[in-house]
Amino acid sequence: MWGERTGGAIALGIAVALSMSACSALEGFEPPPLETAFSPLPPPPLPPVPPQRSTPPQPGDARAELAGWFSGAGYRDYQVDALVQLANTESGSRPCVVGPGGYHYLYQWGGTRLRQLREYAQTPGCPQLRTQLAFTDKELRDPKFACFWGATTEPAAYVALRRIFGRGSC
């Protein structure tokens, strides 16, 4: 019992001594003004965005950019190959070509789909290639294009693309 009382007294003495030494260490200390004490750090700079081309790429460059974009977006190799092949069939891989019958650009959008592309791109003219690819991805994510996602080979994916981009569903 005596040891418990002595141990408690010692602990109390240590706590008092420490608090007093902390007080003396803080003498003359002035905290910074509130507005500087809690001012947040400036946000880090944004990573540079690669510039988009001001002129459309040539067909070979467009095919390479298209393949890289869809691969980077998680498409399987055979889906990428089918999308590259369709762009070549539809427009000769020329992003700003206007074909017969009022069909425009890489995947020969027309009618409602062309209007939707222009609204998406926020331009009445030819959208940048990456914008066309992002819009294509958006179209393909619609459940009515399930046959493309269900294809397991490049020929089957290509046939599905020809059907759905022509009629708007599988």
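This is a short talk about the predicted model of one protein, going from the whole fold to a few single residues.

Hi everyone, and thanks for having me. One thing to keep in mind from the start: what you see above is a predicted model. Let's begin with the whole chain and then zoom in.

What does the secondary structure consist of? The protein has eight helices and zero strands. If you read along the sequence, the pattern is α-α-α-α-α-α-α-α, which makes it pleasantly easy to write on a whiteboard. The chain has 170 residues, and 31% of them count as buried. As for the outside, the accessible surface comes to about 10900 Å², and carbon and sulfur atoms account for 61% of that. Here is one more number for the whole protein. Take the contacts between residues at least 6 apart in sequence: 50% of these join residues at least 24 apart.

Now let's pick one helix and walk around it. I chose α8, which runs over residues 154–167. This helix has 14 residues and reaches 20 Å from its first C-alpha to its last, close to the 20 Å expected at 1.5 Å a residue. Which residues of α8 are buried? They are Ala157, Tyr158, Ala160, Leu161, Ile164 and Phe165. Looking down the axis of α8, you find these buried residues within an arc of 160 degrees, so they line one face of the helix. And what do the buried residues of α8 pack against? Their partners are α4, α5, α6 and α7. On the face turned away from the buried side, α8 carries the exposed residues Gly166 and Arg167.

The two ends of α8 deserve a look as well. At the N-terminal end, threonine 153 acts as a cap, with a side-chain oxygen 3.2 Å from the backbone nitrogen of alanine 156. After α8 comes glycine 168, and its phi is positive, near 90 degrees.

Next, the disulfides. How many are there? The count comes to two. Counting the bonded cysteines along the chain, the pattern is 1-2, 3-4.

In one of the disulfides, cysteine 96 pairs with cysteine 126, and the sulfur atoms are 1.9 Å apart. Cysteine 96 sits in the loop between α4 and α5, while cysteine 126 sits in the loop between α5 and α6, so this pair ties together parts that are 30 residues apart in sequence. The torsion about the S-S bond of cysteine 96 and cysteine 126 is about -80 degrees, so the disulfide is left-handed. Cysteine 96 has a relative accessible area of 31% and is partly exposed; cysteine 126, at 29%, also counts as partly exposed.

The other disulfide joins cysteine 147 and cysteine 170, with sulfur atoms 2.1 Å apart. This pair links distant parts of the chain, 23 residues apart: cysteine 147 is in helix α7, and cysteine 170 is in the segment after α8. Why do we call the disulfide of cysteine 147 and cysteine 170 left-handed? Its S-S torsion is about -90 degrees, so that is the label it gets. Cysteine 170 is partly exposed, with a relative accessible area of 41%.

Let's move to a single residue, aspartate 137, which lies in helix α6, residues 129–140. Is aspartate 137 buried or exposed? Its relative accessible area is 16%, and buried means under 20%, so aspartate 137 is buried. The side chain of aspartate 137 makes a polar contact of 2.5 Å with the side chain of tyrosine 75. If we leave aside neighbours within four places in sequence, aspartate 137 is in contact with Trp69, Phe70 and Tyr75.

Finally, go back to the loop between α4 and α5, which also holds tyrosine 105. Tyrosine 105 has a positive phi, near 75 degrees, although this residue is not a glycine. Tyrosine 105 is also buried, with a relative accessible area of 4%. Glutamine 108 has its place in the loop between α4 and α5 too. Its phi is positive at about 50 degrees, and glutamine 108 is not a glycine either. Glutamine 108 is buried, with a relative accessible area of 9%.

That's my tour. To recap, we have a predicted model with eight helices and two disulfides. Thanks for listening!

Note on methods:
Residues numbered from 1 in each chain as written. Predicted model: local features only at pLDDT ≥ 70, side-chain atom pairs only at ≥ 80, totals over all residues. Heavy atoms only, no water. Helix = DSSP H or I, 4+ residues; strand = E, 2+ residues; numbered from the N terminus. Buried < 20%, exposed > 50% of the residue type's maximum accessible area, 1.4 Å probe, protein only. Polar contact = N/O pair within 3.5 Å; in protein donor to acceptor, adjacent residues only side chain to side chain. Contact = heavy atoms within 4.5 Å. Disulfide = S-S within 2.5 Å. Expected span 1.5 Å × (residues − 1). Arc of directions from axis to C-beta. Areas by Shrake-Rupley, 256 points an atom, 1.4 Å probe, with all protein chains shown as cover.
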